[in-house]
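Below are my notes on the model you sent. They are set out as numbered points, to be read beside the coordinates.

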Amino acid sequence: MIRKYETRDTDELVAIWRRASAVAHPFLSKDFVEQEAENTRNLYLPHTETWVFEKAGRLVGFIALLGNEVGGFFVDPLHQGQGHGQSLMDHAVQLKGDLCVDVFSENPIGRRFYSRYGFREEREHHHEASGHMLMHMTYSNK
């Protein structure tokens, strides 16, 4: 089931973010990861349009939207490959239509998912906070 984020979801979503990020972003520094965990808790979740995927009473993933930008999209590694990410992205497309996302260039898991979904790689740019490159990708449902 996909439902709107509630503040009571925060701890579980930050835990999902940490587990998924550890798999997708092993290249990020520990300091950056710690800061992003705090940002996820205190900035991103409270100030984005966030949707969660709940399965058997447990949260398994979420997507956070800033307008038509995917600001965060994470599925617990134990639940990846089961269609939950596809369902969350379908929900975002249904709500917003065309989408864009910045994904770390060194993240083959994320880039592969977005490419399979139909996102196109547009341009790379430097992410100052992490020191790594991001790939800007766009999706059009037309």
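In which helix does A22 lie? A22 lies in α1, the helix of residues 10-24. The points below start from the fold as a whole and return to that residue later.

1. Status of the model. This is a predicted model, and every remark here should be read with that in mind.

2. Fold. Four helices and seven strands make up the secondary structure of the chain. From the start of the sequence to its end, their order is β-α-α-β-β-β-α-β-α-β-β. The radius of gyration is 14 Å, close to the 14 Å that the globule rule gives for 142 residues, so the chain is as compact as a globular protein of that length. Along the principal axes, the C-alpha atoms fill a box of roughly 40 × 40 × 25 Å.

3. Burial and contacts. Of the 142 residues in the chain, 47% are buried. Among contacts with a separation of 6 or more, 59% are between residues 24 or more positions apart.

4. Main core. The largest nonpolar core has 21 residues, and I63, V70, M89, L99, Y114 and F119 have the most contacts inside it. Two or more residues each come from the strands β2 (49-55), β3 (58-66), β4 (69-75), β5 (99-104) and β7 (132-139), and from the helices α3 (84-96) and α4 (108-117). The element that gives the most is α3, with four residues. As general background, nonpolar side chains in soluble globular proteins tend to be buried together.

5. F119. Which residues does F119 touch, leaving aside its neighbours within four places in sequence? With those set aside, F119 is in contact with M89, L99, C100, V101, Y114, M137, T138 and Y139. Of these partners, M89, L99 and Y114 are also listed, like F119 itself, among the residues with the most contacts inside the largest core.

6. Second core. Apart from the largest nonpolar core there is another, of 17 residues. Its members include Y5, A20, A37 and L134.

7. Surface and charge. The accessible surface of the chain comes to about 7,600 Å², and carbon and sulfur atoms account for 50% of that area. The chain carries 16 positive and 20 negative charges, whose mean positions are 5 Å apart.

8. A56. This residue deserves a look at the backbone. A56 is not a glycine, yet its phi is positive, at about 50°. Most residues other than glycine have a negative phi. A56 is placed in the loop between β2 and β3, and its relative accessibility of 80% counts as exposed because the cut-off is over 50%.

9. Helix positions. A22, in α1, is exposed, with a relative accessible area of 53%. Its C-alpha atom is 8.9 Å from that of V33, which is eleven residues away along the chain. E34 belongs to α2 (residues 30-47). Is E34 buried, exposed or partly exposed? E34 is partly exposed, at 36% relative accessible area. From E34 to Q86 the C-alpha distance is 28 Å, with their positions 52 residues apart in sequence.

10. End of the chain. K142 sits in the segment after β7 and, at 81% relative accessibility, counts as exposed. The C-alpha atoms of K142 and E54 are separated by 29 Å, and the two residues are 88 apart along the chain.

Definitions and conventions:
Residues are numbered from 1 along each chain as its sequence is written. This is a predicted model: local features need pLDDT of at least 70, side-chain atom pairs count only at pLDDT 80 or more; totals for chains, interfaces and linings use all residues. Side-chain values use heavy atoms; hydrogens and water are left out. A nonpolar core is a set of buried Ala, Val, Leu, Ile, Met, Phe, Trp, Tyr and Cys residues joined through side-chain atoms within 4.5 Å. Buried means under 20% relative accessible area, exposed over 50%, partly exposed in between (1.4 Å probe, protein chains only). Contact means heavy atoms within 4.5 Å. The radius of gyration is taken over C-alpha atoms; the globule rule is 2.2 Å times the number of residues to the power 0.38. Accessible areas come from the Shrake-Rupley method with a 1.4 Å probe; for residues, only the protein chains shown count as cover. Lys and Arg count as positive and Asp and Glu as negative; His and the chain ends are not counted. The place of a charge is taken as NZ of Lys, CZ of Arg, CG of Asp or CD of Glu.
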